[in-house]
Amino acid sequence: MQYNRLALYGLLGIAALMVLSPVFIMVSTSLKSMDEIRNGSIFTLPADPGFAAWGKAWFGDCAKTLGDKCGGLSSSFLTSVKIVIPALALSVGLGAITGYALAVWKMKGANLMFAALLVGMFIPPQVTLYPLIIMIRELGIFGSIGGLILVHVIWGIAFTTMMFRNFFKTVPQDLLKAARIDGAGFWRLFWHVMLPLSLPILGVAMILQFTYIWNDFLLGLTFGGRSGQPMTVALNNLVGSQFGEKEYNVDMAATMLTALPTLAVYLLSGRLFVRGIAAGAVKG
Amino acid sequence: MNGVELCNVTKAYAGLTVMENINLEIADGDFLVLLGPSGCGKSTLLNMIAGLEPATGGAIHINGRDVTDLEPDERDIAMVFQSYALYPTMSVRKNIGFGLKMRGMPKDEIEQKVAEVGDLLQIGPLLDRKPSQLSGGQQQRVAIGRALVREPSVFLFDEPLSNLDAKLRADMRIELKRLHERLGRTIVYVTHDQIEAMTLATRVVVLDRGAVQQADTPENVYRRPANRFVASFVGAPTMNFIDGKLMQSGDDIVFDSGAGALPLVDVPVGARDLIGRSLTLGARPEHLLFDPAGIASRVLLAEPTGPDQYVRLAVAGSELTARIGPEQPFKSGTDARILIDGARMSLFEPQNGQAITLG
């Protein structure tokens, strides 16, 4: 019993170390000066920690870039926010409604529709990239934030629909009958009864969708154009296109900044997330 | 006509007819119980009255209005479910008021009606709780309140007491009966529990395999069952059935099972016409009488229940159950003499199980 315990905690410790060591290296490097990075090991703690690199990553370094932009991440952060908020609201909101319709209202072809959605979920985005580009171009919104949002909604809706549909399928029939007798139709049943019931799932769907959209690189790069570059794309540009010496501390700080919103969402909503998954959200 | 009327109601699923030509008239103020085993169609029938399931054919009238094609909320009905079906995210107050809110009733009026119903059902102190904070009995009270507040002309109950424990069920039964006597509204009540049917109903409709077997007062369903199914479904312990013939034996009439002659007392005059015909005799356990003039039988088992004892007997080639008071305990393996109360026996056609009415 004792040894089992020891082995268990040992393994867990090793796993934690493996996951956390890159994070440690990133944080510690971002707090170092370039001199220290050049002369020391990546595992040593910063001798004189400072946030200069973080500032540089956020605001940019105007001495180094050409033109009027300084190359910081602050402007693309705003772009990411502008993309995430509508894309999140639309993909989760529409997914809740379609999932509800598929689960509760008996329509002809509902199962076929659901099967098609599932297939849609399992197709890799790369496959549909080119047809999507053509579609978005035909709509005249290629290379804009609007176009990128639409693509995110298209991609997210299959997943959110499945989540909500599977949850709403577990709602007892008697409850739906009671609501019908009380006179609640399609929208009022959804708004007053089903949506309040689905709060845990709503939370999970929002967290997952937020993570997907915020972390997306491919779609942002393809559809965003110049005006709609999300933070991930800007990070790539920052890390890949500097002149002269590679500023590891700035790169690390920029990466941390880009990852921070998702991290914050997970930390703040961790409990809700686990509860939602336990409620049977991601089964099926 | 006021009340509920079903005319030739038919239900089919994907071409398979499960109920055919159901005709029922439920008078205004009746407490009608739909009684039957699982799968007999009683809940389907109730759902069709509610409008939750469409009828495949026929017409349904409520208070003289054809509601066959109306939505549930347009039918002037309210329903109480076995699982209570309270909205989990709403407080008791909101649960009860939800139907009124959907109808667009002003807030203060809803508040007042909810308070009235809360007083009537003594759930006033619970109004601000969530359903998950209530016991099963309290939840069912709230569900009844949700139906009452709408003041519908017909209440529909779908096995409302089945999820409660025995004591609570008995209490709620009494309350439901009081409520019906007080409000005088029409109630259609589905159950598989014959005690509920007998105690609550003004009229019982026994269903089996999608067809009405008998629709009558509880007394008549018990005393004069229309066929063998009703006779065996209603009553516990179940009715004894013996195949054989009525025979003349001196001045008396006996029932000859082929393995022995069971003496009958107080046989109705009309039974003489049936002498010699093949019949099935039905006798309830309380209509087997222990009497020195009876036929010899052997006690197989005695089950004391408290107020009664059920005595299992081997007699004339059959095993019968008799019911008698607990004063004189019976022992397995002893002998006893029984005869059958001919005035209260039932006779059935052996082929189709239909009851034979004695003239």
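In chain B, strand 3 (residues 31-35) and strand 9 (residues 203-208) run parallel and are joined by four bridges. Strands here are DSSP runs of E with at least two residues, helices are DSSP runs of H or I with at least four residues, and both are numbered from the N terminus. Within this pair, Val33(B) stands opposite Val204(B) of strand 9 of chain B. This is a predicted model, in which local features need pLDDT of at least 70 and side-chain atom pairs count only at pLDDT 80 or more, while totals for chains, interfaces and linings use all residues. Residues are numbered from 1 along each chain as its sequence is written, and chains are lettered from A and ligands numbered from 1 in the order in which they are written.

Strands 3 and 9 belong to an open sheet of six strands in chain B, with the order 6-7-8-3-9-10 and mixed pairing. Two strands pair if DSSP finds at least two bridges between them. Strand 6 (77-80) and strand 10 (211-216) of chain B stand at the edges with a single partner strand each, so one side of each has no neighbour in the sheet. On average, neighbouring strands of this sheet are turned by 15 degrees against each other, direction ignored. Helix 4 (residues 136-148) of chain B lies across strand 6 and strand 7 (154-158), running at about 175 degrees to strand 6 of chain B. For such angles, axes are lines fitted to C-alpha atoms, for helices over the stretch in contact, and the angles run from 0 to 180 degrees between N-to-C directions.

The domain assignment, which is automatic or from a database, divides chain B into domain 1 (4-233) and domain 2 (240-348). Their centres, taken over C-alpha atoms, are separated by 40 Å. Four residues from domain 1 of chain B and four residues from domain 2 of chain B make up the contact. Two residues are in contact if their C-beta atoms, placed from the backbone, lie within 7 Å.

Chain A has 13 helices and zero strands. Its C-alpha trace spans about 75 × 65 × 30 Å along its principal axes. In chain A, 75% of the contacts with a separation of 6 or more are between residues 24 or more positions apart.

The two chains also meet: 14 residues of chain A are in contact with 17 residues of chain B. On the chain A side, helix 8 (173-181) and helix 9 (186-197) are the elements that give two or more residues. Helix 8 of chain A gives the most, with six residues.
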